[in-house]
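Me: I would like to go through this model by question and answer, starting from the terms used for side-chain exposure.

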Amino acid sequence: MSTVYAAHDPSLGRKVAIKLVHDDGDPESRARARLEAHALARISHPNVVQTFDLQEEPDGYYIVMEYVEGWDLRAVLRAMR
């Protein structure tokens, strides 16, 4: 559904997370991506990452978000075993 990358925002000199939402050709998945980005942009809470940007590309959307240092889900699940 999506892949998240750590990246550097050269214009502001900060580390960001870029969530690339894969486009499967379904208009509903594009609408969900747009809805997710808009919902996240309206929330201001210490437990929710900030959303900085939303861009549409031919192969999907990408959402630029606050980078939060921590474990990825795979590592958390491994630690729970």
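Reply: Buried means under 20% relative accessible area, exposed means over 50%, and partly exposed covers the range in between. The model discussed here is a predicted one.

Me: By that definition, is E36 buried, exposed or partly exposed?
Reply: The relative accessible area of E36 is 27%. Buried requires a value under 20% and exposed a value over 50%. E36 therefore counts as partly exposed.

Me: Which residue forms a salt bridge with E36?
Reply: The closest N and O atoms of the pair are 2.7 Å apart, and a salt bridge needs such atoms within 4 Å. The pair links distant parts of the chain, 17 residues apart, with E36 in helix α1 (residues 27-42) and the other residue in strand β2. The partner counts as buried because its relative accessibility is 16%. That partner is K19.

Me: How many salt bridges does the structure hold?
Reply: One of them joins E36 and K19. Another is formed by the side chains of D9 and R14, at 3.7 Å from N to O. In that pair D9 is buried, with a relative accessible area of 16%, and R14 is partly exposed, with 29%. The number of salt bridges in the structure is two.

Me: What is the strand order of the open sheet of four strands?
Reply: The pairing in this sheet is antiparallel. β1 (2-9) and β3 (51-57) each have a single partner strand, so they stand at the edges and one side of each is left without a neighbour in the sheet. Neighbouring strands are turned by 20° against each other on average, direction ignored. The order is β1-β2-β4-β3.

Me: Which residue in β2 stands opposite S2?
Reply: β1 and β2 (residues 14-22) run antiparallel and are joined by eight bridges. Within β2, the residue opposite S2 is V21.

Me: Which element gives the most to the lining of the largest pocket?
Reply: The lining consists of S2, T3, V4, Y5, A6, A17 and Y67. β1 spans 2-9, and five residues of the lining come from this strand. The element that gives the most is β1.

Me: How many residues of that lining are charged?
Reply: Asp, Glu, Lys and Arg count as charged. The pocket holds about 150 Å³ of space, and its lining includes S2, Y5 and Y67. Five of the lining residues are nonpolar and two are polar, while the number of charged ones is zero: no charged residues.

Methods
Residues are numbered from 1 along each chain as its sequence is written. This is a predicted model: local features need pLDDT of at least 70, side-chain atom pairs count only at pLDDT 80 or more; totals for chains, interfaces and linings use all residues. Side-chain values use heavy atoms; hydrogens and water are left out. Two strands pair if DSSP finds at least two bridges between them. Helices (H or I, at least four residues) and strands (E, at least two) are DSSP runs, numbered from the N terminus. Axes are lines fitted to C-alpha atoms, for helices over the stretch in contact, and angles run from 0 to 180 degrees between N-to-C directions. On a 1 Å grid over the protein atoms alone, a cavity is a set of points where a 1.4 Å probe fits but cannot get out, and a pocket is an open set with protein on both sides within 12 Å along at least five of seven lines; lining residues have an atom within 4 Å of a point. Grid points are joined across faces, edges and corners, and a volume is the space filled by probe spheres set on the points. Buried means under 20% relative accessible area, exposed over 50%, partly exposed in between (1.4 Å probe, protein chains only).
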